[in-house]
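Welcome! Here is a short tour for anyone opening this entry for the first time. Keep the viewer at hand as you read.

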Amino acid sequence: MNAATLFGLCGAALVGFGLYGLVTNPEPLRKILAFNLLGSGVFLVFGVVSRRAAASGLGGDPVPQAMVITAIVVAFAATAMAIALVLRLLQETGRSTLNSDNPGGTNTDRGNS
Amino acid sequence: MPDANVLPDATTTDGALLVLAIVLPAAGVLLSFVLGGRYAERIAFVLLPSGFFLATIIFADVWQSGHRLIYIVGDWKPPLGIALRADGLSAAMMVAMAVVICAVAIFAHADFGTRAGSVEARAPFAFWILLMAIWGAMNMGFLGGDLFTLYVAIELLTFAAVPLVCLDGRAETLQAALRYLLFALLGSILYLVGTALLYGSYATLDIVLLSRRVHMEPATLVAATLMTIGLFAKTALFPLHLWLPPAHAGAPAAASAVLSAVVVKGSFFIVVRLWFDVMPAMLGPAGAQLFGALGAAAIVFGSVVALRQQRLKLLIAYSTVAQIGYLFLMFPLALDTVSAQLQGSSALTGGMLQAISHATAKAAMFMAAGLIYATLGHDRIAELGGIARALPMTIFAFALGGVSLIGLPPSGGFLAKWLLLEAAVATGQWWWAIVMLAGGLFTSGYMFIVLSSAVAPSGEPLKLRVAVPRYQEAAALALALTSLLLGLVALGPIDILQVGRPEAIMGGSR
């Protein structure tokens, strides 16, 4: 097994863990952490893609590297925005859950989220 | 248009217009930040009409020449560089979205207007910036020529759309926004995994180059599946629609109109790009039937739940869930039975027309609901009695929007559903025709519930909380009339949707 395959498998495992956490955890903060784990896995896959497509004499294909920088910035911005929303929710309600069991909320989706 | 596809990409005359369509909104956002909140509205009111003007020029250009407009950014050709391409689909969607966004801007002037001498407020500042950002992100999604640019576009769209949900800062809208953001993030990261896998297999993400290289293998299949699921989550296709009703119903009226009419169409458009342009031969009959089945489930589920709603805005939001279902019926209907490829056909035209007519009709309905809410102080459907006498123009706009959703002639919805029905009959897939007709009946049902309640006489004299400005009613009515008269495009520019369809290169795609 060469390094690229090993890192590829690590990336796949991170994607799997992150996806599992994002789907099963009810807590928004944990969901955000899971999203970041998932994101790291994807960035690792991009790195592997870059390494595998490297021309002779080069360390890696620069295009996936350019993409992954953009993707990291996007994921960072997304995390910041999600955290800001969770904080605001905590200030407003004293809780940071997504269960809409408050009387003013919607009652149609209860139990589904 | 074979030569447009066989020739290597080169910047066409007027290609720079495509850059302008993306740069203008971005410049507006930056300028608003620099000059501050009191100028944001004025900047939007200068830039949004110019954006509409720009979109019509691009539309006319594509329609008359019958070719795509192309701009190669920095003259770096794909696969290293980025191409912007406007085909018929992009041009038509750009014009439609510009119309909706301009009407929303006029409507929002009452709620988010900045009067002379007033202090800077947070909500108007945010609203105008986000509106321009949504416009720019949509244009980027329509014009982007490679899958990574489209990823950036849907991310921008999400970041602009989520804060619109919670502009008023109430706890339940914050929850709705957070749930929306989490769904959207899951969607975009799945899409990103897909692009990584595709780049790893084919060393390009450019749509034209990729469509020539792509072939059926495990990596492609996994990539396509992940990207599609991600985009479904962003488009709120059943069963990934859970975030949509609270988010769209809780937002302020002008924001609901943009979210429901414009934002969900962005990710839908990328689904179309992915399956019609990048890999038309890969969906196959089974995949197409699955897309159609999800669409049909969305129609039935959304309509039945809409019938049971007691609040007007939630009813309209569930109606959006149902109407999104129609968009996905075009996949089984556009599948050519001989070659098993997705083709530019009357089904594709019908599907895109459905997207456009739903955008105009739904924006009008959300605006009308917002005016009703402002006037009465509530939107409980059972207590709407007498409102038709107080706001006749608004109720008329709401009814006209419903006419388009149901699909009565001469509305855009009628032409769209007629084209889809025709394709269903022509390809012998009668089951989709039944779903469409049943959906029309359900839609008539919930429109009847609302309208019969609205025109009923009220027991006691209505207490009107505010007098709604006439131009707000006019904006809603104008959009509803647009949707109603959209059926008339059958006489003219409907052919533009076929401009730049890549049939010519499909022969060598495998």
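## A first look

B:Pro239 sits in the loop that links α9 (218-235) and α10 of chain B. The peptide bond leading into this proline from B:Phe238 is cis, with omega near 0°. Please keep in mind that this is a predicted model. The points below go from chain A to its contact with chain B, and then on to chain B itself.

**Chain A**

- Chain A has three helices and zero strands, so to speak an α-α-α run when read from the N terminus.
- Of its 113 residues, 31% count as buried.
- Among the contacts in chain A between residues at least 6 apart in sequence, 49% join residues at least 24 apart.

**How α2 and α3 of chain A pack**

- Helix α2 (residues 28-52) of chain A and helix α3 (residues 62-93) of chain A have axes that come within 10 Å and cross at roughly 175°.
- An angle over 145 degrees counts as roughly antiparallel, and α2(A) and α3(A) are therefore roughly antiparallel to each other.
- On the α2(A) side, the residues that meet α3(A) include A:Ile32, A:Asn36, A:Gly39 and A:Phe43; on the α3(A) side, A:Val68, A:Ala71, A:Ala75 and A:Thr79 are among them.
- By class, this contact has 15 nonpolar, six polar and no charged residues.

**A closer look at α3(A)**

- At 1.5 Å a residue, the 32 residues of α3(A) should span 46 Å, and its end C-alpha atoms are 47 Å apart, which agrees.
- Buried residues in α3(A) include A:Pro64, A:Met67, A:Val74, A:Ala78, A:Leu85 and A:Leu89.
- What covers the buried residues of α3(A)? The cover includes α2 of chain A, together with α6 and α7 of chain B.
- After α3(A) comes A:Gly94, with a positive phi near 80°.

**Where the two chains touch**

- In the contact between the chains, 28 residues of chain B meet 39 residues of chain A.
- On the chain B side, α6 (147-165), α7 (171-202) and α10 (244-250) each supply at least two residues.
- The largest share of that side comes from α7(B), with 17 residues.
- By class, the side of chain B that touches chain A has 23 nonpolar, two polar and three charged residues.

**Helix α7 of chain B and the nonpolar core**

- The 32 residues of α7(B) should span 46 Å at 1.5 Å a residue, and its end C-alpha atoms are 46 Å apart, in agreement.
- Because 29 of the 32 residues of α7(B) are buried, this helix is largely enclosed by the rest of the structure.
- The largest nonpolar core has 239 residues, and B:Val100, B:Ile101, B:Ile134 and B:Val258 touch the most other members.
- The element that gives the most to this core is α7(B), with 20 residues.
- Leaving aside residues up to four places away in sequence, B:Ile101 touches B:Leu48, B:Leu131, B:Trp135, B:Val258 and B:Val262.
- Just after α7(B) comes B:Ala203, which has a positive phi near 60° although it is not a glycine.
- B:Ala203 lies in the loop between α7 and α8 (207-213) of chain B and is partly exposed, with 17 other C-beta atoms within 10 Å.

**Other helices of chain B**

- For helix α5 (residues 122-143) of chain B, 22 residues at 1.5 Å each should span 32 Å, and the end C-alpha atoms are 32 Å apart, which agrees.
- In α5(B), 19 of the 22 residues are buried, so this helix is largely enclosed by the rest of the structure.
- Helix α16 (residues 392-406) of chain B packs against helix α18 (residues 430-455) of chain B at an angle of about 170°, with their axes 9 Å apart.
- That angle makes α16(B) roughly antiparallel to α18(B).
- Among the residues in this contact are B:Ala399 and B:Gly402 of α16(B), and B:Ser444 and B:Met447 of α18(B).

**Loops of chain B worth finding**

- The peptide bond from B:Pro409 to B:Pro410 is cis, with omega near 5°, and B:Pro410 is in the loop between α16 and α17 (412-426) of chain B.
- B:Asp75 is not a glycine, yet its phi is positive, about 60°.
- Is B:Asp75 buried or exposed? B:Asp75 is exposed, with 9 other C-beta atoms within 10 Å, and it lies in the loop between β1 (69-72) and β2 (83-86) of chain B.

How values were computed:
Residues numbered from 1 in each chain as written. Chains lettered and ligands numbered in written order. Predicted model: local features only at pLDDT ≥ 70, side-chain atom pairs only at ≥ 80, totals over all residues. Axes fitted to C-alpha atoms, helices over the stretch in contact; angles between N-to-C directions. Helix = DSSP H or I, 4+ residues; strand = E, 2+ residues; numbered from the N terminus. Parallel < 35°, antiparallel > 145°, perpendicular 65-115°, else oblique. Contact = placed C-beta atoms within 7 Å. Nonpolar A, V, L, I, M, F, W, Y, C, P; charged D, E, K, R; others polar. Expected span 1.5 Å × (residues − 1). Buried ≥ 20, exposed ≤ 12 C-beta atoms within 10 Å, placed from the backbone. Core = buried A, V, L, I, M, F, W, Y, C linked by C-beta atoms within 7 Å.
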